[in-house]
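Biologist: Please take a close look at the second largest pocket. Which residues lie nearest its centre? After that, go on to other parts of the chain.

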Amino acid sequence: MISIIGAGPSGAHAASLLARHDHVAIFEEHDKIGWPVQCTGITTGYLSKLVPMRKEFLVNKVSSVRVFSPTGKFVDFNLKNPNLVLDRAAFDRFMVNRAVDAGAELFTKHHFIGSKFYKNKIILNLKGSHKLFSTNVLVGADGPFSQVARSNGMFGKRNYVVGVQSRMKMNVDSDLVEFHLNKDFMGWVVPESSKVARVGIAAYSNQHVHFKSFISKRAKGKIIGYQSGFISIYNPNLKAQKNNAYLVGDAATHVKTTT
């Protein structure tokens with residue numbers, strides 16, 4: 001028995017692989033997969049080697065990158081393997097459905113509180129559950145503030161940046177993603193199409209000040225939605241495994257912050 005805490009892409013992908021070999025249960029604290037959205041939703045094209053791309057979640061492909069310096073000068077790059085712009089909520093649902101099709105069992109509205117070892121088993125404390133679950137292996141895919149990491153002595157020292165983003169109606173090049181480098185923040189403009197873009201910043205502090213400044217200078221258009229979230233900074237010194245407990249994705253700080 002393998003229990004995975006968190007039904008994001010990392011947890012769902014792990015479940016798809018592990019369900020081929022063992023009974024897998026996925027526990028998700030929210031009642032709806034994919035919400036709230038806390039991600040820009042752009043990845044390198046390498047993802048297509050791991051997961052089949054579907055129209056239901058693939059919004060755009062981008063083959064050009066423009067990187068701006070703080071002075072406003074820029075350099076352009078062409079990508080042999082285009083970046084992928086995803087509908088994150090739809091992508092999450094696809095990944096979870098894929099795991100369920102592989103044999104994993106999904107439990108929503110089950111919030112992980114903690115765990116303890118008892119007679120070679122891991123006993124799960126789950127808020128929202130009406131029964132006691134035990135497991136042989138525990139996988140924490142429960143995000144940057146992973147409670148699995150905390151309850152199993154793997155949290156350690158972690159640093160974060162906060163990302164703030166808006167979806168905007170604006171005229172953009174649908175084949176060009178922008179990155180804006182600054183000593184205080186990194187900004188981006190990610191096109192969904194020639195008429196809609198995801199515009200945001202990531203910073204250690206004063207995120208909303210930097211966001212408003214960046215929006216006012218770069219993005220002229222109508223805001224149609226907001227997202228924000230914490231981004232783990234990769235720490236190679238953190239443990240990702242202890243006894244029969246493991247961490248994946250944000251919970252393990254396995255994050256490529258630039259995309």
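Modeller: Ser 69, Pro 70, His 180, Asn 182 and Phe 214 lie nearest the centre of the second largest pocket, and its lining has 13 residues. This is a predicted model, in which local features need pLDDT of at least 70 and side-chain atom pairs count only at pLDDT 80 or more, while totals for chains, interfaces and linings use all residues. Residues are numbered from 1 along each chain as its sequence is written, and side-chain values use heavy atoms, with hydrogens and water left out.

A pocket is found on a 1 Å grid over the protein atoms alone: it is an open set of points where a 1.4 Å probe fits, with protein on both sides within 12 Å along at least five of seven lines, and a lining residue has an atom within 4 Å of a point. The second largest pocket holds about 280 Å³ of space, where the volume is that filled by probe spheres set on the points, which are joined across faces, edges and corners. Two elements, β12 (176–181) and α5 (207–218), each give two or more residues to this lining. The largest share, four residues, comes from α5. Such names stand for DSSP runs numbered from the N terminus, with helices (H or I) of at least four residues and strands (E) of at least two. By type, the lining has five nonpolar, six polar and two charged residues. Here Ala, Val, Leu, Ile, Met, Phe, Trp, Tyr, Cys and Pro count as nonpolar, Asp, Glu, Lys and Arg as charged, and the others, Gly among them, as polar.

Just ahead of α5, in the loop between β14 (196–203) and α5, lies Asn 206. Its phi is near 50 degrees, a positive value in a residue other than glycine. Lys 109, in the loop between β6 and β7 (111–118), also has a positive phi, near 55 degrees. Lys 109 counts as exposed because its relative accessibility is 54%; exposed means over 50%, buried under 20% and partly exposed in between, with a 1.4 Å probe and protein chains only. A third backbone feature is the cis peptide bond from Trp 35 to Pro 36, with omega near -5 degrees. Most residues other than glycine have a negative phi, and most peptide bonds are trans.

Next comes helix α3. Its 14 residues (88–101) should span 20 Å at 1.5 Å a residue, and its end C-alpha atoms are 20 Å apart, so the two agree. The expected span is 1.5 Å times one less than the number of residues. Among the buried residues of α3 are Phe 91, Phe 94 and Met 95. The buried residues of α3 pack against elements including α1 (9–18) and β5 (74–86), where contact means heavy atoms within 4.5 Å. At the start of α3, a side-chain oxygen of Asp 87 comes within 3.2 Å of the backbone nitrogen of Ala 89. After α3 comes Gly 103, with a positive phi near 120 degrees.

Last is Ser 146, in the loop between β10 (137–140) and α4 (147–151). Ser 146 is buried because its relative accessibility is 0%. A polar contact of 2.6 Å joins its side chain to that of Asp 142. A polar contact is a pair of N or O atoms within 3.5 Å; within protein, one must be able to donate a hydrogen and the other to accept it, and residues adjacent in sequence count only if both atoms are side-chain atoms. The side chain of Ser 146 also reaches the backbone nitrogen of Val 148 at 3.3 Å.
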